[in-house]
Amino acid sequence: MFKGQPKGLFALALANTGERFGYYTMLAIFMLFLQAKFGWGGSLASTVYAVFLACVYFFPVVGGILADKIGYGKCVVTGVCVMFLGYLALAIPTAANGLGIALMIGALLLISLGTGLFKGNLQVLVGNLYDDPKYSAKRDSAFSLFYMAINIGAMFAPSAATAITNRFLGNAGLIYKADIPALAHQFINGTITPENTDRLQALAQMMPGDAAQMPLGEFCPYYIEHLSSSYNMGFAVACVSLIVSIAIYLCTRSWFKHADVNAKQAAASGNANVVELTPKQTKDRIVALCLVFAVVIFFWMAFHQNGQSLTWFARDYTQAYAEGWCRIGFNIWALALIAVSVYTLFSTFQSEKASGKLVSGVVTAGLWVGAYAIFKGLDNPLEIFPQLFQQFNPFFVVALTPISMALFSALAAKKTERHPKGLEPSAPKKIGIGMFVAALGYLVMIVASKGQMSPAELQGTVSPDPVIPQYLMATYLILTFAELLLSPMGISFVTKVAPPKYKGLMMGLWFAATAIGNYLSSIPGLLWEKVPLWANWTILMALCVVAGGIMFAMLKKVEAATAE
C-alpha cells in the first residue's frame, strides 16, 4: 500500500492533513454558530453556508491560473498565510450586529481566497510526482492515500470542536442543549409561544451553574453570548493547525521540490520532459474533463449536506443519546484505534516476512482490545451532540481506503483478452457508479423521515419521536462509498489527463464544479421549512440518479478523448 511511493507524497499529505483539520473543525460548528449567534433561520444560514463553500471551491480557479504563471509552491505558501488571517478574524468574539457580520464575512473571504491558493495547487504538486515514469502506475493509489490523510484531519475535527465548545460553556456554568439557541432568540424577539416559553424555562433550569436561577430575560442573551464565543474558540484551532501545516511543508520541501514546476518553468529549464499535445488532443481532453465536471456538480450538492441539512436532522430528528454497540462511533479515540487496526490487519497479510506478520497481528489484536476497553467504559446511554455525526464520513474514508485500494488492485490484475488492462473500472465509470451509490444514501434518509413532522411544524424545537442514530450512520457510510469512487479518483484523473499547460486551471475547474455543487447544496436549506422532510431527500436522490445516468450515457466519449 505504502511501498514504492515517493516520500514527497507523505510530506504533502501531512501538510494537507493539518490544514484540513482546522478547516473541518471550523466547518463542524459553523452552521450551528450562524444560527446561535445571529438567530438566523435555516434559509439564510444555509445560503451563507453554501456561498462560503462555493467560494472555497471556486477560488482554486484563480489559484490555478496564477500558479500556471508563477509556480505552485509560491501559491501554496501564500495561501496558508491568507487563511491564517481569515481564521484569526473569525476567532474574534463580536456582538451580533452589523460590525460582527462584516468581520465574519471578511474572515470567510480570506479563508476562501487562501484555500483557493493552497488546496488545488498542493494536489497538482502530488500529481507532478507521478509524471515520473517510475511512479506513474501508482497515481490512483497515491491519491487514495492522499485523500485518506486529508480525512484523518477531518475525522478528529468534530470531536475537537465539541470538546472546545463544551469546555468554554462549562466555564460559564452552561451545558449544550440543541433547542435552546432557537428558543432563546424567539424569546428575545418576542415571537415565542407560551408552550415554548415553558420548554425554554425547563431547559434553563437544567444548567449546572448560576444561570439556572436567572430569569429568562437574562438567561437568553447570556447563553447565546457564551455559546457563540465558545464557537469562536473552536475556530481558533484552525490557526494552530495551519502553523503545524506550513511547518511540515517548509521542513520537507526538498522531498518534492522537483515537482514544484509548471509547464512554463519546465520548458524554460529544459530539464523536464514536457508532453506535447496537438491542438485537437488538447481540446478533446478539456471538453471531456468539463463533461465530468458537470456531472460531479450534483454529487457535491448531495454530499455537502453534512454541514447543514444532515446536521439539522441530527439536531432536530435524531436521539440525543446512543445506546448499545453504536456508542463506540461517538468516541473519537475508539474510532482512531479501529481505523489504525485496518491498516495493521492489512499489513498482517501483506508483510513479506513472518516476523512482520506476527508483529502486525499482535498490534492489530492490541488495537481491538483497546477499542473494546474504551467501549466498555462508555456511558449507556451516551449523550451525543449533532456535530459528532460529521466524524463518521472521514472515519469511513480512512478505514475503507485500504479496502477500496485492494479491491481495485485485484480488479486491475485480472487481465483478459477483452480487457488487457484489467477489469478495474475507468475513473469516469467509477464516478458514474458513485452517483448511483450516493442515491442509496438518501433512500435511507427517506425511510428515516417517515412519519416525522416537517421542520415548519417543529417551530424551532426537536421532534417528539426522534429516530435512532443508526440511520445517519448508515447514510454517512453509503455516501462515503460514493465519495471514494468519485473524489480521489476524479482528482487523479484530472492530474493525469489535463493538458500540461493548463494543469493548474483544470484542477481549479474541478474545484469550481465542487463550488457550484456546494452553492446548490443550499436548496434543501431553502426548502427546509417549506416542504415535508422526506421531499428534500427525494430531490437529492433523484438528482444523483439522473447525474449517474448522464455520466454513463457519455462514458464512451469521455474515455475515448482521455485515453493514453
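Helices here are DSSP runs of at least four residues, numbered from the N terminus. With that in hand, here are some close-ups of a predicted model.

**View 1. A nonpolar patch on the surface.** Ile433, Phe436, Val545 and Phe552 together make a nonpolar surface patch of about 290 Å². Two helices share the job: H15 (427-448) and H20 (533-553) each supply at least two of the patch residues. One patch member, Val545, sits in H20. Its relative accessibility is 38%, so Val545 counts as partly exposed, since that label covers values between 20% and 50%.

**View 2. Helix H20 from end to end.** H20 has 21 residues, which at 1.5 Å a residue should span 30 Å; the end C-alpha atoms are 32 Å apart, so the two figures agree. Plenty of this helix is tucked away: its buried residues include Leu533, Trp537, Leu540, Cys544 and Met551.

**View 3. Helix H5 and its bend.** H5 runs over residues 139-171, and its 33 residues should span 48 Å at 1.5 Å a residue; with end C-alpha atoms 49 Å apart, that agrees. Look along the helix and you'll find a bend of about 30° at Ala157, with a proline, Pro158, following within four residues. After H5 comes Gly173, whose phi is positive, near 75°.

**View 4. Ala149 and its surroundings.** Ala149 is another residue to look for in H5. Its relative accessible area is 9%, so Ala149 is buried, as the cut-off is under 20%. Setting aside neighbours within four places in sequence, Ala149 is in contact with Ala13 and Thr17. As for Gly422, it is 273 residues from Ala149 in sequence and 27 Å away in space, C-alpha to C-alpha.

How values were computed: Residues numbered from 1 in each chain as written. Predicted model: local features only at pLDDT ≥ 70, side-chain atom pairs only at ≥ 80, totals over all residues. Heavy atoms only, no water. Expected span 1.5 Å × (residues − 1). Bend = angle between axes of the 7 residues up to and from the residue. Patch = residues over 30% accessible without salt bridge, like charges linked within 9 Å, V, L, I, M, F, W, Y side chains within 5 Å. Areas by Shrake-Rupley, 256 points an atom, 1.4 Å probe, with all protein chains shown as cover. Salt bridge = Lys/Arg side-chain N within 4 Å of Asp/Glu carboxyl O. Buried < 20%, exposed > 50% of the residue type's maximum accessible area, 1.4 Å probe, protein only. Contact = heavy atoms within 4.5 Å.
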